[in-house]
Amino acid sequence: MAHRSAGAAHAALTLATAALLLTGTPAAVAAGHGTPPGGPAAGARGGDEPSPALLRALERDLRLTPQQAQRRLSNEADAGARAGHLQLALGKTFAGAWVRGDDSAHLTVATTEAADAPAIEAAGADAEVVRFGLAELRDAAAKLDRAATGTRALDTPVRYVDIRRNRVTVQASASSAAEALVKAAGVDRALVNVALSPERPRALYDIVGGDAFYIGSGRCSVGFSVTKGEEQGFATAGHCGQAGATTTGYNMVAQGTFQASTFPGQDTAWVKTGTDWTATPQVRGAAGENVQVAGSTQAMVGAAVCRSGSTTGWHCGEIEQHDTSVTYPQGTVNGVTRTTVCAEPGDSGGSFISGSQAQGVTSGGSGDCTSGGTTYYQPINPLLEKYELVLKTTAQDGTTPGAETDQGSWAPGHVYRTGDEVTYDGVTYHCVQTHQAQGASRPTDAPALWERA
């Protein structure tokens with residue numbers, strides 16, 4: 001165990017202070033019902049105003065009561081903010097955070113320092129002391145990704161940091177394949193968990209999510225509406241089409257052109273649409289009802305997430321791991337998120353959404369919606385950042401990425417990650433949860449997203 005420094009002790013005091021700021025009363029924290037100032041999920045994921053269609057799908061697919069579904073979204077929004085504050089305070093000893101329970105009432109925060117436990121518990125979370133820090137696990141995963149080439153990658157097609165196990169999991173068709181990869185990567189075997197599975201992930205080419213669109217004889221899904229300056233369009237999966245490919249909409253009317261596309265490596269693309277098409281902050285939900293998109297705050301491991309696709313419609317499940325690498329027959333895609341949501345060919349490119357927050361576009365997976373399966377999505381925030389796009393939301397203010405403001409360094413349209421520092425109105429803030437800044441998520445108005453330094 002590492003030496004407990006004076007700096008670490010100060011971090012514990014900071015954590016205890018943060019707990020009071022987040023909840024107002026120690027009793028609320030202990031009961032697991034603490035919320036940021038401004039009410040449940042203030043400035044976060046819209047858990048207090050979920051779509052009726054989303055709630056019904058959560059009840060169906062996660063077998064929840066209506067009350068559990070409502071509480072789950074609210075608890076997850078609150079837990080995301082608390083975990084972000086704790087991550088900032090813990091620094092290098094932070095080893096991950098996750099929620100559990102039918103209504104996600106229990107937040108666990110892992111640390112490599114036993115002395116952090118009291119402060120974590122004071123913030124309303126369960127403390128778990130583990131061997132490896134998150135940074136060390138991510139470094140090991142990166143080495144495994146670099147070593148996963150050729151047939152070695154196809155025999156070990158899924159690799160991810162499993163924060164609940166405190167290991168890097170290598171999913172392989174045979175133990176020998178996993179062991180060979182670990183050896184080739186030069187990774188300490190103690191860091192690795194091997195999971196044997198016949199799963200062979202594949203890109204879901206003949207697919208769509210949300211409304212359908214067509215590329216020649218192929219079919220994919222609209223992910224999320226985006227803008228780039230005066231241009232409108234949508235984000236989708238890179239494997240759906242190459243730059244320059246033209247598209248037609250669900251109504252077979254000429255629609256747009258792929259402006260950029262990356263696959264493999266990532267699974268990102270965006271389509272610029274013609275003037276006949278208007279970007280809206282909506283996702284097609286169950287029974288034709290629309291779900292409103294309010295932002296792109298990244299949901300936690302263990303959180304509920306739903307997918308919209310033109311083949312199988314609206315389905316929900318849980319987020320299992322972020323930062324996953326998957327090897328398809330066409331190549332490896334890094335940085336995707338692994339979920340328990342089902343999907344089938346025809347669902348690719350479609351929307352993944354948690355509460356009212358956009359999460360990503362459908363990439364690929366295994367299984368189906370009859371027997372169940374695993375599906376991976378390309379996170380939306382890196383896609384927006386890569387192509388300098390602005391997500392169309394209900395909180396739109398029309399500002400483009402990089403636009404100058406008179407409010408310090410904070411800028412609408414910019415993607416901020418946990419720990420990023422900005423100034424706003426003369427005050428310095430740290431980002432609590434990864435998100436793309438929108439007009440309604442200014443540091444002064446969104447305590448679930450920003451913390452005063």
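Here are a few exercises on the disulfides, burial and nonpolar cores of a predicted model.

Before you start: residues are numbered from 1 along each chain as its sequence is written. Local features need pLDDT of at least 70, side-chain atom pairs count only at pLDDT 80 or more, totals for chains, interfaces and linings use all residues, and side-chain values use heavy atoms, with hydrogens and water left out.

**Exercise 1. Get an overview of the fold and its burial.**

Step 1: Count the elements. The protein has 9 helices and 28 strands; these are DSSP runs (H or I, at least four residues, for helices; E, at least two, for strands), numbered from the N terminus.

Step 2: Look at burial. Of the 453 residues, 56% count as buried. Buried means under 20% relative accessible area, exposed over 50%, and partly exposed in between (1.4 Å probe, protein chains only).

Step 3: Check the contacts, meaning heavy atoms within 4.5 Å. Take those in the protein with a separation of 6 or more: residues 24 or more positions apart account for 60% of them.

**Exercise 2. Find the disulfides and work out their pattern.**

Step 1: Search the whole structure for pairs of cysteine sulfur atoms within 2.5 Å, which is what a disulfide is here. You get 3 disulfides.

Step 2: Take Cys220 and Cys240, joined with an S to S distance of 2.1 Å. The torsion about their S-S bond is about -85 degrees, so this disulfide is left-handed. Cys220 sits in strand S9 (residues 218-221) and Cys240 in the loop between strand S11 (231-236) and strand S12 (246-249), 20 residues apart. Both cysteines are buried.

Step 3: Move on to Cys306 and Cys316, with S to S at 2.0 Å. Their link is right-handed, with 95 degrees about the S-S bond. It connects strand S17 (residues 304-309), home of Cys306, to strand S18 (residues 313-328), home of Cys316, with the pair 10 residues apart.

Step 4: Try Cys342 and Cys369, whose sulfur atoms are 2.0 Å apart. The S-S torsion is about 95 degrees, so that disulfide is right-handed. Here Cys342 lies in the loop between strand S19 (331-339) and strand S20 (351-354), while Cys369 lies in the loop between strand S21 (357-368) and strand S22 (372-379), 27 residues apart.

Step 5: Put the pairs in order. Counting bonded cysteines along the chain gives 1-2, 3-4, 5-6.

**Exercise 3. Decide which of these cysteines are buried or partly exposed: Cys306, Cys316, Cys342, Cys369 and Cys431.**

Step 1: Cys306 comes out buried because its relative accessibility is 1%. Cys316, at 6%, is buried too.

Step 2: Cys342 counts as buried at 8%, whereas Cys369 is partly exposed, with a relative accessible area of 22%.

Step 3: Finish with Cys431, which is buried at 0%.

**Exercise 4. Track down the largest nonpolar core.**

Step 1: Join buried Ala, Val, Leu, Ile, Met, Phe, Trp, Tyr and Cys residues through side-chain atoms within 4.5 Å; each resulting set is a nonpolar core. The largest has 39 residues, and Leu107, Val109, Leu144 and Val187 have the most contacts inside it.

Step 2: See which elements contribute. Those giving two or more residues include helix H4 (66-90), strand S1 (94-100) and helix H6 (134-147). H6 supplies the largest share, 6 residues.

Step 3: Zoom in on Val109. Leaving aside neighbours within four places in sequence, its contacts include Leu86, Leu90, Phe94 and Ile120.

Step 4: Look for a second, separate core. That one has 32 residues, among them Leu64, Leu73, Ala260 and Trp270.
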